[in-house]
Each structure stands twice: as structure tokens, then as C-alpha cells.
Amino acid sequence: MAEGRIIKVSGPLVVAEGMSQAKMYEVVRVSDKRLIGEIIELRGDKASIQVYEETTGLGPGEPVYLTGAPLSVELGPGLIEAIYDGIQRPLDVLVAKVGDRITRGVEAFSLDREKKWSFVPVVERGALVQEGDIIGTVQETVVVNHKIMIPPGINGKLVEIKAGDFTVTDVVAKVETATGVKEITMMQKWPVRKGRPYKEKLSPTQLMSTGQRVIDTFFPVSKGGTACIPGPFGSGKTVVQHQLAKWADADIIVYVGCGERGNEMTDVLMEFPELHDPRTGETLMKRTVLVANTSDMPVAAREASIYTGITIAEYFRDMGYSVAIMADSSSRWAEALREISGRLEEMPGEEGYPAYLGTRLADFYERAGRVIALGSDNREGALTAVGAVSPPGGDLSEPVTQATLRIVKVFWGLDASLAYRRHFPAINWLTSYSLYTERLSEYFAEAVTPEFNKLRIECMRFLQEEAELEEIVRLVGVDALSPKDQLTMETARSIREDYLHQNAFHEVDTYTSLQKQYLMMKAIIKFDEVARLQMEQGISIKKILADPLREQIARIKYLAETDLAKIEALLKEIAARVPDGVEV
Ligand code: ADP
């Protein structure tokens with residue numbers, strides 16, 4: 001292959017000359033150590049290369065080899081349960097090869113070349129197939145049935161297909177196309193910076209339920225939607241992410257950890273395998289792919305990691321799965337972008353971030369969506385993207401958070417002061433939002449009942465009124481409020497404590513179905529309605545608030561999903577409090 005020469009080394013950035021044959025985003029091998037790099041700028045015959053490995057010791061004059069290929073990932077059986085670095089090198093294999101301190105230039109295949117997978121064909125020889133068609137399956141883990149698809153761009157007649165145990169590079173089928181016979185293996189490659197093709201994007205009209213009440217009820221995310229969660233330290237970001245990974249209505253989880261403090265990432269690597277998948281009882285890893293970059297890994301690999309992650313996520317979406325990708329944290333990713341941009345001596349934008357920060361973030365989130373995948377069966381897949389941001393000092397006006405908020409449709413505002421008061425999940429109900437709420441109301445109406453939407457609006461109204469009344473209470477005390485306003489304060493408190501508080505570590509409380517969410521809201525709002533009727537009949541607020549039914553309302557969250565009849569019974573008891581002779 002053609003080669004150039006290094007003329008400058010600046011941290012992770014290397015400039016080489018004699019690169020006139022190079023292409024933008026082509027992968028190159030730098031020096032005889034064969035460090036992996038990617039061309040990110042071309043000017044005349046000079047190329048700027050971001051190098052995914054430590055560059056110390058490199059100097060001018062050393063060779064740079066072109067490979068002719070863009071930065072790509074390997075897609076096929078073996079992805080699930082893998083732990084990759086930002087350019088899809090399997091960390092466990094690297095560590096086994098060279099030990100904890102990964103030396104440079106080590107090569108390891110992303111997908112195991114030896115391992116045999118049992119391939120079960122689902123179409124017969126002679127069939128006409130098109131790109132995206134599923135031709136067979138592999139039971140990859142107990143929970144993931146990996147669909148083997150015809151890669152994009154291939155259409156024709158299936159002239160051969162085999163059943164049996166094969167490696168990812170063995171030919172399992174052959175397709176006769178207009179341009180000759182194409183061999184199909186269980187592995188495909190795809191360039192990470194290019195979204196995988198699909199037939200059609202659908203509008204986000206389905207909920208990705210999470211079982212987390214504050215999220216599903218008030219700030220829901222749709223399948224194929226985008227959300228952002230800022231995480232001031234100790235505000236419960238990790239717990240929220242784990243809850244999403246466990247309970248979200250997603251078949252596959254891709255978790256991209258971009259360089260938080262070194263050991264924090266190791267925490268994730270240690271914790272994920274220990275999380276149990278409530279649906280299967282297996283470890284959560286059986287449907288998870290991890291992409292990990294600690295802060296001690298080279299900054300360029302961090303830049304690539306979110307593309308690696310989302311390409312893997314798209315691949316599973318193409319199989320017809322609901323996939324959730326979590327990027328934690330996109331702030332660290334943006335810092336990598338900033339550092340490289342600085343080394344390229346580009347004109348800095350706000351706080352030193354490059355002017356294209358927003359575009360790059362959009363490139364990532366735009367790859368989320370609910371789609372009709374390629375293939376003749378018109379199957380539907382969804383890719384939901386959740387990005388964590390870590391604004392320094394919790395200041396949401398900083399550029400990365402702002403740029404993210406302009407793109408994503410849901411904001412779960414984790415609030416350090418709520419966490420301090422042990423209100424968990426510490427999602428601030430006054431600052432958070434979801435732009436899907438309106439669109440999803442039809443979904444809630446059908447999946448639960450139209451009343452769900454009404455109750456949600458009612459509950460939010462109480463929370464907002466509480467915020468206003470709090471001002472008055474602060475000035476003159478609770479007793480100065482009218483009995484009606486006192487009741488409003490109590491109802492709002494009940495919504496906060498009996499509904500929004502949700503203990504991730506409680507066996508039952510950790511997950512709440514939509515039906516139960518509805519009944520819980522209904523009990524709280526019903527009690528308030530009945531109390532107002534009682535007040536009109538002259539019953540004192542003190543007596544109403546002393547009602548033992550309130551204690552029962554507070555305990556609904558601990559009733560098992562199989563006990564919903566008990567909530568119905570409680571609703572009847574509440575209704576029976578209506579004073580005699582009052583029309584309801
Ligand atoms: P962060 O990742 O933001 O630093 P964590 O997610 O580790 O914070 O949360 C800090 C602590 O807050 C947890 O150890 C736990 O005790 C508590 N916590 C957070 N969320 C919840 C929750 N939903 N239920 C119960 N406790 C929680």
C-alpha cells in the first residue's frame with residue numbers, strides 16, 4: 001500500500017505528507033508499530049490523522065500506511081456480552097493477550113474467528129432475496145436470537161444455503177446477483193460514520209416504557225426517541241441508567257461509556273455483569289454490548305466510540321429489535337472533540353469547543369428512530385438514544401448541554417438538591433420535559449385508558465400549584481392558607497412522596513406497570529376530589545387529613561402487580577367517603 005511520512009506529532013494528532021492518494025476518514029497504520037489512525041483532514045498531500053493509540057515516541061520521518069478502508073465495525077454473532085474499546089477492539093481479548101496495560105499496535109479481531117455458531121436457515125435455496133432479508137438465525141445467548149441478514153446492496157437468487165456450525169467468516173450462503181455470485185458470511189462490516197440504511201422512518205408514536213413512574217407518566221420517551229440526562233455527582237444518574245437498562249422496553253442495550261474518571265468506567269464494567277435481567281433472571285449482559293473508554297485511553301478512541309456504539313445498535317435495530325443506546329457521558333466525548341479540534345488549530349467556538357459541536361451531536365442523535373428495516377418482510381425496529389451529560393458544576397448553560405438540548409426531545413433534569421433531600425429518582429418535575437407527551441397520549445389512551453392523560457395533567461397541575469403556594473407558605477406559614485389550599489399542598493405532597501418517589505432497590509417498587517401507574521394516580525386524585533366534597537359539607541381539613549385511607553394510599557406502591565384488585569377496592573372505599581346526599 002502507498003505510504004506517507006510523518007512530519008509532525010501533536011498528542012493524538014499526527015500530520016503526514018505524501019498522502020495524495022488518501023481519502024477522508026480512511027484508516028491508516030502509523031509507523032512500523034502499526035498504530036491505528038484515521039484521516040480527519042486532508043490538505044493537498046498533507047493529512048491530519050487522529051491516532052487511536054498512545055503516540056509517545058513517534059517522530060517525523062516515520063512511515064504511514066494507507067489501508068484503503070474507512071473506520072468500520074464488524075457485525076455478527078459474538079457482539080452480545082462483548083466489551084469493546086472505542087474502535088471495537090475486544091478489551092478482554094487484549095487484556096488476555098498483553099495484560100492490563102494494553103500495549104500499542106496489538107491486533108485482535110472484533111468478532112472471534114474461531115468460535116462456531118449454530119446457523120439455522122429460514123429460507124430455502126432458490127428463493128429470491130433482497131438486501132436486509134433474514135436468511136437464518138443464530139441463538140447467540142439465551143435471550144438474543146441473532147438474525148443473519150443479507151447485507152445492504154445485495155439482491156438476487158439464493159443459490160446455496162447451509163445449516164450447521166460455522167465461524168463468522170465461513171460462507172453460509174451464496175447469492176447470484178446481476179454482477180456475479182456473492183458469498184454471504186454471518187459477519188458484515190459497516191463504516192461507523194455512516195448510518196445503516198433502512199426503508200422508512202416512522203413517527204415516534206409508541207412508548208418505550210421504563211416502569212419508572214416519573215419517566216413514563218410525566219416525561220415519557222418514545223421508541224426511537226432521544227433523551228438527555230444531566231448527572232451532577234451523586235444525583236442518581238447511575239441508578240437511573242441501570243433502571244433503564246433493566247426495565248426499559250428494549251431487547252438490546254448498547255452502553256457506551258466515554259471516559260469518566262478511570263475507575264468510574266471500571267465500575268460500570270464490573271456492575272453491568274452483576275445486574276440481573278428481571279425478564280429472564282440471567283445477567284443483563286446476555287442482551288448487552290459494552291463500549292468502554294476510560295479517561296486513560298487515548299482521546300481519539302473516545303471520539304470514535306459513540307459511532308462504534310450506534311452502528312452496533314443500528315445493526316440490531318435492523319433485525320427488528322427495539323434497541324436502547326446509552327452514551328455516558330457525551331460531555332467527555334465533546335471534550336475529546338475539543339482537544340482534537342484544538343490540535344488541528346481550528347477556530348474555536350464557545351468555550352473552546354469546535355463550531356461543529358452541535359452538528360456532530362445531531363449526527364449521533366439523528367441515527368435514533370423507529371424504522372421499517374430493509375428486507376421484504378417490512379419488519380419494524382427502533383433505536384432509542386439516551387445521552388448523559390456531565391455539565392461542570394451542574395451549569396446547564398454550558399455549550400454541550402445546550403447543544404444537546406436543542407436536539408433531544410426529552411430532558412430528565414436530575415437535581416442535586418432533590419437527591420440531597422433523598423427524593424429519588426431525583427428528576428425535577430418542574431424543569432424536566434418531554435416533547436413526546438402529546439403524541440403519546442393516544443398510545444396511553446389505547447394501552448391503558450384515556451383517563452391516564454387526564455390524571456397526568458391533574459397531577460402536574462397540583463405540583464405546579466404547590467410550587468406557587470410554597471412561596472406564600474415561606475412568607476406566612478401553612479396556617480395562613482385557606483383549607484382548600486392546604487388540601488392542595490397535601491395532595492401535591494402525596495403525589496411527590498407516594499407517586500414520584502420510587503425506590504430502585506425495593507423488590508416491588510422498582511418497577512410499576514402503566515396500569516398500576518394509572519390506578520395509583522387515580523387513588524390520589526380521587527381522594528382529593530372526595531376531600532373537597534367533604535369540606536363543602538363542613539368536615540374539617542384536620543379530620544379529612546387524619547383519614548386512615550391516606551396511609552393505604554401511601555402504601556399502594558408496595559402492592560405487587562398481581563394485587564391490582566386491592567387498589568380497585570381501595571378506590572371504592574375512597575368513593576364511599578362522599579357525604580350522604582351529595583351528587584357526584
Ligand atoms: P451518581 O451516579 O449520579 O453519582 P448514583 O446513581 O450512584 O449517583 O446514586 C447515588 C445514591 O443515591 C445511590 O447509591 C442510592 O443510594 C441513591 N439513589 C439514587 N437513585 C435512587 C433510587 N431510584 N432509589 C433509591 N435510591 C437511589
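Select Arg213 first. In this predicted model, Arg213 is buried, with a relative accessible area of 0%. Arg213 belongs to helix H2, which spans residues 213-218. Now add Asp509. The two side chains meet in a salt bridge, 2.9 Å from N to O. Asp509 sits in the loop between helix H12 (483-500) and helix H13 (514-536). Arg213 and Asp509 are 296 residues apart, so the contact links distant parts of the chain. Is Asp509 buried or exposed? Asp509 is buried, at a relative accessible area of 1%. Buried here means under 20%.

**Next stop: Glu38 and Arg193**

Select Glu38 and Arg193. Their side chains form a salt bridge of 2.7 Å, N to O. Glu38 lies in strand E4 (residues 35-43). Arg193 lies in the loop between strand E17 (188-191) and strand E18 (200-202). Here 155 residues separate the partners in the chain. Check the cover on each partner. Glu38 is buried, with a relative accessible area of 0%. Arg193 is partly exposed, at 25% relative accessibility.

Keep both on screen and add Glu303 and Arg360. Together, Glu38, Arg193, Glu303 and Arg360 are linked in a network of salt bridges. How many salt bridges does the model hold? The count comes to 34.

**The barrel**

Colour strands E1 to E6. They make a closed barrel of six strands. Going round, the order is E1-E2-E5-E4-E3-E6, and the pairing is antiparallel. From one strand to the next, the twist averages 45°. E4, the strand that carries Glu38, is part of this barrel.

Zoom in on E1 (residues 3-10) and E2 (residues 13-17). These two strands pair in the antiparallel sense, over five bridges. Pick Lys8. Its bridge partner in E2 is Val15.

Stay on Lys8 and show its side chain. What does the side chain of Lys8 meet in a salt bridge? The partner is Glu345, at 3.8 Å, N to O. Lys8 lies in strand E1, whereas Glu345 lies in the loop between helix H6 (330-343) and helix H7 (357-365). The salt bridge therefore ties together parts that are 337 residues apart in sequence. Lys8 is partly exposed, with a relative accessible area of 36%. Glu345 is exposed, at 64%.

**The open sheet**

Move to strands E9, E11, E12 and E14. They form an open sheet of four strands. The order is E12-E11-E9-E14, with antiparallel pairing. Which strands are the edges? They are E12 (145-149) and E14 (164-166), each pairing on one side only. Neighbouring strands of the sheet are turned by 40° against each other on average, direction ignored.

Select E11, residues 134-139. Five of its six residues are buried, so the strand is mostly covered. Look to the E12 side. Five bridges join E11 to E12, and the two run antiparallel. Val138 stands opposite His146 in E12. A hairpin of five residues makes the connection between E11 and E12.

Now look to the E9 side. E9 covers residues 117-121 and pairs with E11 in the antiparallel sense, over three bridges. Find Pro121. Gly136 in E11 stands opposite Pro121.

**Helix H10: two faces**

Select helix H10, residues 437-447. Highlight Thr437, Leu440, Ser441 and Phe444. These four residues are buried. Why do they fall on the same side of H10? They cover an arc of only 130° around the axis, which puts them together on one side. Rotate to the face turned away from that buried side. There you find the exposed residues Glu442 and Glu446.

**Last stop: a nonpolar patch**

Go to helix H11 (residues 451-476) and pick Leu475. Is Leu475 buried or exposed? Leu475 is exposed, with a relative accessible area of 75%. Add Ile472 and Val476 and switch on the surface. With Leu475, they form a nonpolar patch on the surface. The accessible area of the three together is about 320 Å².

Technical notes
Residues are numbered from 1 along each chain as its sequence is written. This is a predicted model: local features need pLDDT of at least 70, side-chain atom pairs count only at pLDDT 80 or more; totals for chains, interfaces and linings use all residues. Side-chain values use heavy atoms; hydrogens and water are left out. Patches are made of residues with over 30% relative accessible area and no salt bridge: like charges are joined within 9 Å, nonpolar side chains (Val, Leu, Ile, Met, Phe, Trp, Tyr) within 5 Å. Accessible areas come from the Shrake-Rupley method with a 1.4 Å probe; for residues, only the protein chains shown count as cover. A salt bridge is a side-chain nitrogen of Lys or Arg within 4 Å of a carboxyl oxygen of Asp or Glu. Buried means under 20% relative accessible area, exposed over 50%, partly exposed in between (1.4 Å probe, protein chains only). Two strands pair if DSSP finds at least two bridges between them. Axes are lines fitted to C-alpha atoms, for helices over the stretch in contact, and angles run from 0 to 180 degrees between N-to-C directions. The arc is that of the directions from the helix axis to the C-beta atoms.
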